[in-house]
Amino acid sequence: MVCVRKSVLAAGVVAMAAVCASGQIAAPFTYQGEFLVDGLRVTGVYDMRFTLHDSPTNTALLTTAVCANDVQVIEGKFAVEIQWSQNDLYPPVGGFRYIQI
């Protein structure tokens, strides 16, 4: 198992899932990504840590980290299920959310 330590900002807006009836916790969504090491697609098992920010420069951490252990990466491709609160996921009008891995 290898622990991912590189900072990578996911591009653009985080795709949002439907909100649970409580109105506070958003339903989990699946994040699909590509993991490269020195420009090459890797295959293996990795531990990943996801944080949510309001800008691509990491200025404000909006959430606690969500950890995904033993993520299977095959030829650089992976998918993980992530869940944050509705308030963290939905930005003010005109705002964006960025995921750091």
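**Exercise 1. Is Phe50 buried or exposed?**

Solution. Keep in mind that this is a predicted model.
- Step 1: Look up the relative accessible area of Phe50, which is 0%.
- Step 2: Compare that value with the cut-off: buried means under 20%.
- Step 3: Phe50 is therefore buried.

**Exercise 2. Work out which kind of aromatic pair Tyr31 and Phe29 each take part in.**

Solution. Let's begin with the count, then take one pair at a time.
- Step 1: The model has 5 aromatic pairs.
- Step 2: One of them joins Phe29 and Trp84, whose ring centres are 6.4 Å apart, with 45° between the planes. An angle that is neither under 30 nor over 60 degrees counts as tilted, so this pair is tilted.
- Step 3: Now place the two residues. Phe29 belongs to strand 2, while Trp84 sits in the loop between strand 7 and helix 1 (86-89), so the pair ties together parts 55 residues apart in sequence.
- Step 4: Check the surroundings too. Phe29 is buried at 8% relative accessibility, and Trp84 is buried at 5%.
- Step 5: Tyr31 pairs with Phe50 in an edge-to-face arrangement, with 6.0 Å from centre to centre and 65° between the planes.
- Step 6: Tyr31 is in strand 2 and Phe50 in strand 5 (residues 44-53), so this pair links parts that are 19 residues apart in sequence. Tyr31 counts as buried, at 15% relative accessibility.

**Exercise 3. Find where Phe78 fits into the nonpolar core.**

Solution. Start with the rings and then widen the view.
- Step 1: Phe78 forms one aromatic cluster with Tyr31 and Phe50.
- Step 2: The largest nonpolar core has 20 residues, and Phe78 is among those with the most contacts inside it, along with Tyr31, Phe50 and Trp84.
- Step 3: Strand 2, strand 5, strand 6 (66-73) and strand 7 each give two or more residues to this core.
- Step 4: Leaving aside neighbours within four places in sequence, the contacts of Phe78 include Tyr31, Phe35, Met48, Phe50, Val71, Val73 and Ile101.

**Exercise 4. Which residues are linked in a network of salt bridges?**

Solution. Here we move from rings to charges.
- Step 1: Recall that side chains of opposite charge can pair when their charged atoms come close.
- Step 2: The structure holds 2 salt bridges. In one of these, the side chains of Arg41 and Glu34 meet, 2.8 Å from N to O.
- Step 3: Glu34 also forms a salt bridge with Lys77, where the closest N and O atoms are 3.4 Å apart. Glu34 lies in strand 2 (residues 29-34) and Lys77 in strand 7 (residues 77-82), so this bridge ties together parts 43 residues apart in sequence.
- Step 4: Put the bridges together: Glu34, Arg41 and Lys77 are linked in a network.
- Step 5: Finally, check exposure. Arg41 is exposed at 54% relative accessible area, whereas Glu34 is partly exposed at 38% and Lys77 is partly exposed at 47%.

**Exercise 5. Decide which part of the model to read with care.**

Solution. Take the average, then look for a weak stretch.
- Step 1: The protein averages a pLDDT of 76, and 72% of the residues score at least 70.
- Step 2: Over residues 1-23, pLDDT stays under 50.
- Step 3: Where pLDDT is low, the predicted coordinates should not be read in detail.
- Step 4: For residues 1-23 the model has 57 contacts beyond four places in sequence.

Methods
Residues numbered from 1 in each chain as written. Predicted model: local features only at pLDDT ≥ 70, side-chain atom pairs only at ≥ 80, totals over all residues. Heavy atoms only, no water. Salt bridge = Lys/Arg side-chain N within 4 Å of Asp/Glu carboxyl O. Buried < 20%, exposed > 50% of the residue type's maximum accessible area, 1.4 Å probe, protein only. Helix = DSSP H or I, 4+ residues; strand = E, 2+ residues; numbered from the N terminus. pLDDT = per-residue confidence, 0-100. Contact = heavy atoms within 4.5 Å. Phe/Tyr/Trp six-rings, centres within 6.5 Å; stacked < 30°, edge-to-face > 60°. Core = buried A, V, L, I, M, F, W, Y, C linked by side-chain atoms within 4.5 Å.
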